[in-house]
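Q: I am new to reading protein models and would like a close look at a single part of this one. Could you walk me through it step by step?

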Amino acid sequence: VDMPVFFYIDPEFAQDPKLETVNNITLSYTFFEAREGLQLPLPGYPQPHDPPQPEQSAQTQVAAS
C-alpha cells in the first residue's frame, strides 16, 4: 500500500518574528477507517452542498451588481 503524506511549511515561516523562538514543528496525521467505496471530501475545499461563506457571498453580490 502506497500512502504518501505531504506537509507544506510556508517559506515565510522563517522570517516571521512571532515565530523566531520556534525551533521544532511536530507534524502528525491520523488514519480513519472508511467504508469501501466511500469518497471523502478534501479538507479545505468547498463541497457542492456547502453553504457559501460570508465573504464569498459578498463577492458574489458585488459581481452580480
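To get my bearings, how many helices and strands does the secondary structure of the chain come to? And where does isoleucine 9 lie, and is isoleucine 9 buried, exposed or partly exposed?

A: Happy to help! Please keep in mind that this is a predicted model. The chain's secondary structure comes to one helix and zero strands. That helix is H1, which spans 54-64, and isoleucine 9 lies in the segment before H1.

Now for the surroundings of your residue. Isoleucine 9 counts as partly exposed because its relative accessible area is 39%, and partly exposed is the class between buried, under 20%, and exposed, over 50%. For the chain as a whole, 0% of the 65 residues count as buried. The chain exposes about 7000 Å², and 55% of that area is supplied by carbon and sulfur atoms.

Isoleucine 9 also belongs to a nonpolar surface patch of about 850 Å². Its partners in that patch are Met3, Val5, Phe7, Val22, Ile25, Leu27, Tyr29 and Phe31. Take Ile25 from this group: isoleucine 9 and isoleucine 25 are 16 residues apart in sequence, while their C-alpha atoms are 9.5 Å apart in space.

Another member of the patch, Phe31, leads us to one more feature. Phe31 helps line the largest pocket, together with Thr30, Phe32, Leu40, Pro41, Leu42 and Pro43. This pocket has a volume of about 180 Å³. Sorted by class, its lining has six nonpolar residues, one polar residue and no charged residues. How is such a space found? A probe the size of a water molecule is rolled over the atoms, and this shows where empty space is left.

So, to retrace the path on your screen: start at isoleucine 9 in the segment before H1, move across the nonpolar patch to Phe31, and finish at the largest pocket, which Phe31 helps to line.

Terms used
Residues numbered from 1 in each chain as written. Predicted model: local features only at pLDDT ≥ 70, side-chain atom pairs only at ≥ 80, totals over all residues. Heavy atoms only, no water. 1 Å grid on protein atoms, 1.4 Å probe; cavity = no way out; pocket = protein on both sides within 12 Å on 5 of 7 lines; lining within 4 Å. Points joined across faces, edges and corners; volume = space filled by probe spheres on them. Nonpolar A, V, L, I, M, F, W, Y, C, P; charged D, E, K, R; others polar. Helix = DSSP H or I, 4+ residues; strand = E, 2+ residues; numbered from the N terminus. Buried < 20%, exposed > 50% of the residue type's maximum accessible area, 1.4 Å probe, protein only. Areas by Shrake-Rupley, 256 points an atom, 1.4 Å probe, with all protein chains shown as cover. Patch = residues over 30% accessible without salt bridge, like charges linked within 9 Å, V, L, I, M, F, W, Y side chains within 5 Å. Salt bridge = Lys/Arg side-chain N within 4 Å of Asp/Glu carboxyl O.
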